[in-house]
Amino acid sequence: ARVHFICIYSVSFCCTSRKIGATKGNYHKITKELDLGLKDMDLLEQFNHVIWFGDLNYRVEIEFHKVLGIIDRKEYHILHKADQLMREIHDRRVFYQFQEGGLDFAPTYRMNKDDHGYSNKRNQPPSYTDRILWRSLPGSTDLVQTRA
């Protein structure tokens, strides 16, 4: 049996959609300044599997009422194109080489507690703020399974 080393981050990033740089900065600060492992080696390369989960606070950049219509039509792929985190990953600014399970469901942020609608308290569109991302080193994925 092989030994696999796993690093798990549970985080809550900066929470303002207008400050995506601050949100991105949370990721870079943690990966560079966390006092863990070998000092002369990239922290993300020291573990077979690295998992980040929590309130990453990336938003969908579409106006609130338009997002509601997209959700009603279950056209989630449109939301993915406007998702800040997906764009940042695609442009290799954060979470480079990380994976995420499919977002084939309606956003979970900012749902009302007593019904199936969304709150517009802060003029923020419904978004996928709570996320789970992972990355495995080559040759380490034979034991990894994802299930919904």
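The following exercises, each with a worked solution, treat rings, strands, a helix and charged pairs in a predicted model.

Residues are numbered from 1 along each chain as its sequence is written, and side-chain values use heavy atoms, with hydrogens and water left out. Because the model is predicted, local features need pLDDT of at least 70 and side-chain atom pairs count only at pLDDT 80 or more, while totals for chains, interfaces and linings use all residues.

**Exercise 1. Aromatic rings**

Determine how many aromatic pairs there are, and describe the geometry of the pair W52 and F95.

Solution.

Step 1. Rings of Phe, Tyr and Trp (its six-membered ring) pair if their centres lie within 6.5 Å; planes under 30 degrees apart are stacked, over 60 edge-to-face, and the rest tilted. By this rule there are three aromatic pairs.

Step 2. The ring centres of W52 and F95 are 5.1 Å apart and the planes stand at 90°, so this pair is edge-to-face.

Step 3. Helices (H or I, at least four residues) and strands (E, at least two) are DSSP runs, numbered from the N terminus. W52 belongs to strand β2 (residues 49-55) and F95 to the loop between α4 (84-90) and β3 (99-100), so the pair ties together parts that are 43 residues apart in sequence.

Step 4. F95 also forms an edge-to-face pair with F98, at 5.4 Å centre to centre and 85° between the planes. Ring pairs thus link W52, F95 and F98 into a cluster.

Step 5. Buried means under 20% relative accessible area, exposed over 50%, and partly exposed in between (1.4 Å probe, protein chains only). W52 is buried; F95 is buried because its relative accessible area is 0%, and F98 counts as buried at 7%.

**Exercise 2. The surroundings of F98**

Identify the residues in contact with F98, leaving aside its neighbours within four places in sequence.

Solution.

Step 1. F98 lies in the loop between α4 and β3.

Step 2. With contact taken as heavy atoms within 4.5 Å, the partners of F98 outside that range are Y27, L44, V50, W52, L133, W134 and R135.

Step 3. For W134, 36 residues away along the chain, the C-alpha atom is separated from that of F98 by 5.2 Å.

**Exercise 3. The sheet**

Establish the strand order of the open sheet and the direction in which β1 and β2 run.

Solution.

Step 1. Two strands pair if DSSP finds at least two bridges between them. The open sheet has four strands in the order β1-β2-β4-β3, with mixed pairing.

Step 2. β1 (6-12) and β3 are the edge strands, each pairing on one side only.

Step 3. β1 and β2 run parallel and are joined by seven bridges; within this pairing I6 stands opposite H49 of β2.

Step 4. β2 and β4 (residues 130-136) run antiparallel, also with seven bridges. D55 has D130 of β4 as its bridge partner.

Step 5. On β1, the covered face holds C7, Y9 and V11, whereas I6, I8, S10 and S12 form the uncovered one.

**Exercise 4. Helix α2**

Which residues of helix α2 are buried, and against what do they pack?

Solution.

Step 1. In α2 (residues 64-72), the buried residues are F64, V67, G69, I70 and I71.

Step 2. These buried residues pack against α3 (76-81).

Step 3. At the N-terminal end, E63 caps α2 through a side-chain oxygen 3.2 Å from the backbone nitrogen of H65. After the helix comes K74, with a positive phi near 55°.

**Exercise 5. Charged side chains**

State how many salt bridges a search of the whole structure finds, and place the pair E100 and R131 in the fold.

Solution.

Step 1. A salt bridge is a side-chain nitrogen of Lys or Arg within 4 Å of a carboxyl oxygen of Asp or Glu. The search finds six salt bridges.

Step 2. One of them joins R73 to E75, with the closest N and O atoms 2.8 Å apart; E75 is partly exposed at 24% relative accessibility.

Step 3. R93 and E88 meet at 3.0 Å, N to O. R93 is partly exposed at 34%, whereas E88 is buried at 4%.

Step 4. E100 and R131 meet at 2.5 Å, N to O. E100 lies in strand β3 and R131 in strand β4, so the pair ties together parts that are 31 residues apart in sequence.

Step 5. E100 is partly exposed at 23%, while R131 is buried at 2%. Salt bridges link D83, E100 and R131 in a network.

Methods
A polar contact is a pair of N or O atoms within 3.5 Å; within protein, one must be able to donate a hydrogen and the other to accept it, and residues adjacent in sequence count only if both atoms are side-chain atoms.
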